[in-house]
Amino acid sequence: SRGLGDVYKRQQCLHFNFSSQRAKDVLAARIKSGHFKVPHDVSAEYIKQMQAESKQESIDKRTGRVSLKWLASGNNSHMWDCSCMAVIFAMIHRMI
């Protein structure tokens, strides 16, 4: 049996750095423009999770500068996060 420390084949893994704020901006723009489609019969929970974050003014405690950032409302936002990951995938593969 294979132990946790056993390495049978060395594989490489791609690593991507991305801006979640930018991904959320792109997703929000695509939703607003009608370029992000969802089935008409999605659940109320899906809609709630897709609306769980909004762009709000935020003050940087260190500099005192005000900026707009995506902030969570406290509700689950799993569907929003999954949709952002789909946007990132599409951007990496130059689909959008």
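This note concerns two salt bridges and the surroundings of one glutamine in a predicted model.

1. Salt bridges in the model. The structure contains 2 salt bridges. One is formed by the side chains of E53 and K24, and K55 and D25 form a salt bridge through their side chains as well.

2. The E53 and K24 pair. The N to O distance of this salt bridge is 2.7 Å. E53 belongs to strand β1 (residues 53-59) and K24 to helix α1 (residues 20-33), so the bridge ties together parts of the chain 29 residues apart in sequence. E53 has a relative accessibility of 10% and counts as buried; K24 is likewise buried, at 11%. Both assignments follow because the cut-off for a buried residue is under 20% relative accessible area.

3. The K55 and D25 pair. Here the N to O distance is 2.8 Å. K55 is placed in strand β1 and D25 in helix α1, so this pair links parts that are 30 residues apart in sequence. K55 counts as partly exposed, with 36% relative accessibility, and D25 is also partly exposed, at 26%.

4. The setting of Q49. This residue is part of helix α2, which spans residues 44-50. Q49 has a relative accessible area of 8% and is therefore buried. Its side chain makes a polar contact of 2.9 Å with the side chain of E45.

5. Contacts of Q49 beyond its sequence neighbours. When residues up to four places away in sequence are set aside, Q49 touches N76, S77, H78, M79 and W80.

How values were computed:
Residues numbered from 1 in each chain as written. Predicted model: local features only at pLDDT ≥ 70, side-chain atom pairs only at ≥ 80, totals over all residues. Heavy atoms only, no water. Helix = DSSP H or I, 4+ residues; strand = E, 2+ residues; numbered from the N terminus. Buried < 20%, exposed > 50% of the residue type's maximum accessible area, 1.4 Å probe, protein only. Polar contact = N/O pair within 3.5 Å; in protein donor to acceptor, adjacent residues only side chain to side chain. Contact = heavy atoms within 4.5 Å. Salt bridge = Lys/Arg side-chain N within 4 Å of Asp/Glu carboxyl O.
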